[in-house]
Amino acid sequence: MNIKYETQSGFVAAEIERGIRTGTFLPGSRLPSIRELADVFHVSTQVIKSAFKMLMERGLLVSRSRIGVFVNVDGVLPGMKKLILLNETRGPYDLNYLGRVFGVSESMMTHQGFHVQMRSIPKGPLLLTALRYELHQIDMERPDCLVINASMVSAEEIESIKNREYPVLFFGDFVHGDIPGLQYDLIRERTEERGTAYMEAARRLGCSNVCIFGGNPEFEYVRRLLRAVMRHGELYGIRVQVSNGLPSEESEEEIIENWKQHIRRVLKNFTPDAFIADGFGHLEFFLRALKELGFSPGKDIHVLGDCDFSPGLVMIRSDYSEFIRSAAAIIHRIIEEPGYHCGIMEISGKIKRTPFQIESV
């Protein structure tokens, strides 16, 4: 029996709607082209056009001339503001900061009236090309606001990035700190507070000698963190050594060997009773390296970290709830009040950090 044309269009429309309801097609995202969908459903392009028309009449899709057909945020999530978070993916063993802060708080942002989309581009020699391509795609979607990880942006790119038809808000710190003489909107936490939390935990553990693996000190936010660690070391009578060791992006065994080399270099002239491993995930490799060197993490040496759950680790758990509420208020105002600029907004005292020992997972 031949299927009538209208039935084909209705079937395709129902399948696209199912994709919207189940998250295959996210609110605000662009659908595949008419030709691509025709190939997927094995129908003519006219059937796809008819299905699009049905869904547009119901408010689920919206067409933008010369750009494409998009899932209508207002039709799927009425009254919600579309917020895109643009990140960089540094490697399999790096936990990205923007995703860590906003990603884990996505449900809270939903309650604040935002539909959040996480986007990532790979770090590397093609970062700038990938960034420009992704921004072009975002331009076509016209979000209510774009929040972009400041650490992935050079000073030369800020001007072109911030001048768009929608508000752009940088998050965190630019690699080399604030850019004098250039107007932009940026929010960040007070990085020094994280360093303070580490040292307060070290003091409570009775530590005398602490080594921190704190990343590249050429980065401004790393320098701020290390200054706080050194300052509180002097205050509490704790000797502090800084190592720039970071996990390499290789196989597990190579990462563990890489850590062992960093630790051996520290042990040549320093005897720590605690290591602080800041800002990276998969700390089980670091703990395994310590064990292979004869240490017992959690017993004869302490390891403090802020973004992983591994037995033997003292986890400095960060509750970003109040920080996110403050950030959401700023984003709402930027969206609702054309011409409003927050400038450089440092949100301090809004992150609750609690240390606890992980015995097992």
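This section describes two open β-sheets, the helices packed on them and one pocket in a predicted model.

One of the sheets is an open arrangement of six strands in the order β4-β3-β5-β6-β7-β13, in which the pairing is parallel. Its edge strands are β4, which covers residues 114–122, and β13, which covers residues 344–347, each of them pairing on one side only. From one strand to the next, the twist of this sheet averages 20 degrees. At the β4 edge, strand β3 (residues 81–89) runs parallel to β4 and is joined to β4 by nine bridges; within this pair, Leu86 of the chain stands opposite Arg119 in β4. Helix α13, formed by residues 321–336, packs on the sheet and touches β3, β4, β5 (145–149), β6 (168–171), β7 (186–189) and β13, with a direction that makes about 155 degrees with that of β13.

The other sheet is likewise open and has six strands, in the order β9-β8-β10-β11-β12-β14, but its pairing is mixed. Here the edge strands are β9 and β14 (352–357), each pairing on one side only, and the twist averages 20 degrees from one strand to the next. In general, the strands of a sheet pair through backbone hydrogen bonds, in either a parallel or an antiparallel manner. Both kinds of pairing can be followed at the edges of this sheet: strand β8 (residues 209–213) and strand β9 (residues 239–243) run parallel and are joined by five bridges, whereas strand β12 (residues 313–319) and β14 run antiparallel and are joined by six bridges. In the parallel pair, Ile212 stands opposite Val242 in β9, while in the antiparallel pair the bridge partner of Ser318 is Arg353 in β14.

The connection between β8 and β9 includes helix α10 (residues 220–236), and these three elements make a right-handed β-α-β unit. Helix α10 lies across β8 and β9 and runs at about 160 degrees to β9. Helix α11, formed by residues 252–267, also packs on this sheet, where α11 touches β8, β9 and β10 (274–277) and has a direction that makes about 140 degrees with that of β8.

The second largest pocket of the model has a volume of about 270 Å³. Its lining is drawn from separate stretches of the sequence and comprises Lys162, Asn163, Pro167, Val168, Gln183, Tyr184, Asp185, Ile334, Gly339, Tyr340, His341 and Gly343. By residue class, this lining divides into five nonpolar, five polar and two charged residues. Two of the lining residues can be placed on elements of the parallel sheet and its helix, since Val168 falls within β6 (168–171) and Ile334 within α13 (residues 321–336).

Note on methods: Residues numbered from 1 in each chain as written. Predicted model: local features only at pLDDT ≥ 70, side-chain atom pairs only at ≥ 80, totals over all residues. Heavy atoms only, no water. Pairing = 2+ DSSP bridges. Helix = DSSP H or I, 4+ residues; strand = E, 2+ residues; numbered from the N terminus. Right-handed = clockwise from strand over helix to strand, strands pointing away. Axes fitted to C-alpha atoms, helices over the stretch in contact; angles between N-to-C directions. Contact = heavy atoms within 4.5 Å. 1 Å grid on protein atoms, 1.4 Å probe; cavity = no way out; pocket = protein on both sides within 12 Å on 5 of 7 lines; lining within 4 Å. Points joined across faces, edges and corners; volume = space filled by probe spheres on them. Nonpolar A, V, L, I, M, F, W, Y, C, P; charged D, E, K, R; others polar.
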